[in-house]
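Student: I am new to this structure and would be grateful for a close look at a single part of it. Please begin with one pair of side chains and then proceed to the surroundings.

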Amino acid sequence: MKKFFKNSSSRKRDYKNVTGLALAPAPVITRWGTWLEAVFYYCTNFERVCEYIEQIPDGECQASENLKRIISKDKLQQELAFITSNFRGLSAAITRLEERQCLVDGVQVVTEYQKTLDLEALAEYKSKLQNVLHKNPGWNHLSNVAQILNGGYVENTISPSLAANLKFAPLVSVDIERVFSTMARTLAPQRERFTVEHLKWALVTACNDFL
């Protein structure tokens, strides 16, 4: 759909008129949650989206032919239903991990989501998640620190000062990516004549945008 609508306001307008829907969420390659949100959208509005695709004239473009081929797949509806019914929690967990929070809360998000994969039909996905966490050398260390900060006990000896300093350690790299984006906007070519004072207040504003 993304390719079909690219640089075509008339197609977007026709889609809204035919379906009565807003455009589908556009998946971003580096953000897994956006792919899941797109799946939820198409699962909820499958019939109306298919109605629009089917009325597109044959041979209009390669993108439209690809769309018609995709919606004709036998398992598509079942796969949309399976993902939507079982992985809404994953999308919510990703969103929560992207927020600024303390280490204990971040670890709790991951452990709570693991518990939602206890169904037999999801055993393969739970195993995959456990393998990913096992291969991450920092996960066990941070989860042990979180347990200590939550009043628990772990066998491995951890420096008390280190554990205390890791209270707000992020589990994901979202904060780092935010810094890169902020610096790119702040040091843009049109801002090369910034004074030191202006740069100072621009950074203060950017670092406190959550307030």
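Which residue forms a salt bridge with R96, and how far apart are the closest N and O atoms?

Tutor: The model under discussion is a predicted one. In it, R96 forms a salt bridge with E112, and the closest N and O atoms of the two are 3.6 Å apart. R96 belongs to helix 6 and E112 to helix 7, so the pair ties together parts that are 16 residues apart in sequence. Neither partner needs to be sought in the interior: R96 is partly exposed, with a relative accessible area of 36%, and E112 is likewise partly exposed, at 34%.

This pair is one of 4 salt bridges that a search of the whole structure finds. Another joins E60 to R11, with the closest N and O atoms 3.3 Å apart. Here E60 lies in the loop between helix 4 and helix 5, while R11 lies in helix 2 (residues 9-19), so this bridge ties together parts that are 49 residues apart in sequence. E60 is partly exposed, with a relative accessible area of 37%. A further bridge is formed by the side chains of K126 and D118, at 2.4 Å from N to O. Its two members fall into separate classes of accessibility: K126 counts as partly exposed at 22%, whereas D118 counts as exposed at 51%.

The two helices of the first pair also lead to the interior. The largest nonpolar core has 41 residues, and those touching the most other members are F4, Y15, Y52, I53 and L103. At least two residues of this core come from each of helix 1, helix 3 (32-44), helix 4, helix 5, helix 6, helix 7 (103-115) and helix 9. Helix 7, where E112 is found, gives the most to the core, with 6 residues.

Two of those core residues, F4 and Y52, deserve a separate look. Both F4 and Y52 are buried. The structure holds 9 aromatic pairs. In the pair made by F4 and Y52, the ring centres are 6.3 Å apart and the planes stand at 70 degrees, so the arrangement is edge-to-face. F4 lies in helix 1 and Y52 in helix 4, so the pair ties together parts that are 48 residues apart in sequence. Ring pairs also bring in others, linking F4, F5, Y15 and Y52 into a cluster. With residues up to four places away in sequence left out, Y52 touches F4, F5, R11, D14, Y15, V18 and T19. R11 in that list is the partner of E60 in the salt bridge described above.

F4 leads in turn to helix 5. Leaving aside its neighbours within four places in sequence, S64 is in contact with F4 and I56. S64 is located in helix 5 (residues 62-71) and is buried, with a relative accessible area of 0%. The buried residues of helix 5 are A63, S64, L67, K68 and I71. Seen down the helix axis, they fall within an arc of 140 degrees, so they line one face of the helix. These buried residues pack against helix 1 (2-5), helix 4 (46-54) and helix 6 (76-97). Helix 6 is the element that carries R96, and the description thus returns to the pair with which it began.

Two further points complete the picture. The first concerns the cysteines: the structure holds 0 disulfides. C50 is in no disulfide, and the nearest cysteine sulfur, that of C43, is 12 Å away. C61 is in no disulfide either, the nearest cysteine sulfur being that of C50, 17 Å away. C50 counts as buried, at 9% relative accessibility.

The second concerns helix 9 (residues 137-149), in which N144 is placed. N144 is buried, with a relative accessible area of 18%. Not counting residues up to four places away in sequence, N144 touches V154, N156 and I158. From N144 to Y42 there are 102 residues in sequence and 40 Å in space, C-alpha to C-alpha.

Notes:
Residues numbered from 1 in each chain as written. Predicted model: local features only at pLDDT ≥ 70, side-chain atom pairs only at ≥ 80, totals over all residues. Heavy atoms only, no water. Disulfide = S-S within 2.5 Å. Buried < 20%, exposed > 50% of the residue type's maximum accessible area, 1.4 Å probe, protein only. Helix = DSSP H or I, 4+ residues; strand = E, 2+ residues; numbered from the N terminus. Contact = heavy atoms within 4.5 Å. Arc of directions from axis to C-beta. Core = buried A, V, L, I, M, F, W, Y, C linked by side-chain atoms within 4.5 Å. Phe/Tyr/Trp six-rings, centres within 6.5 Å; stacked < 30°, edge-to-face > 60°.
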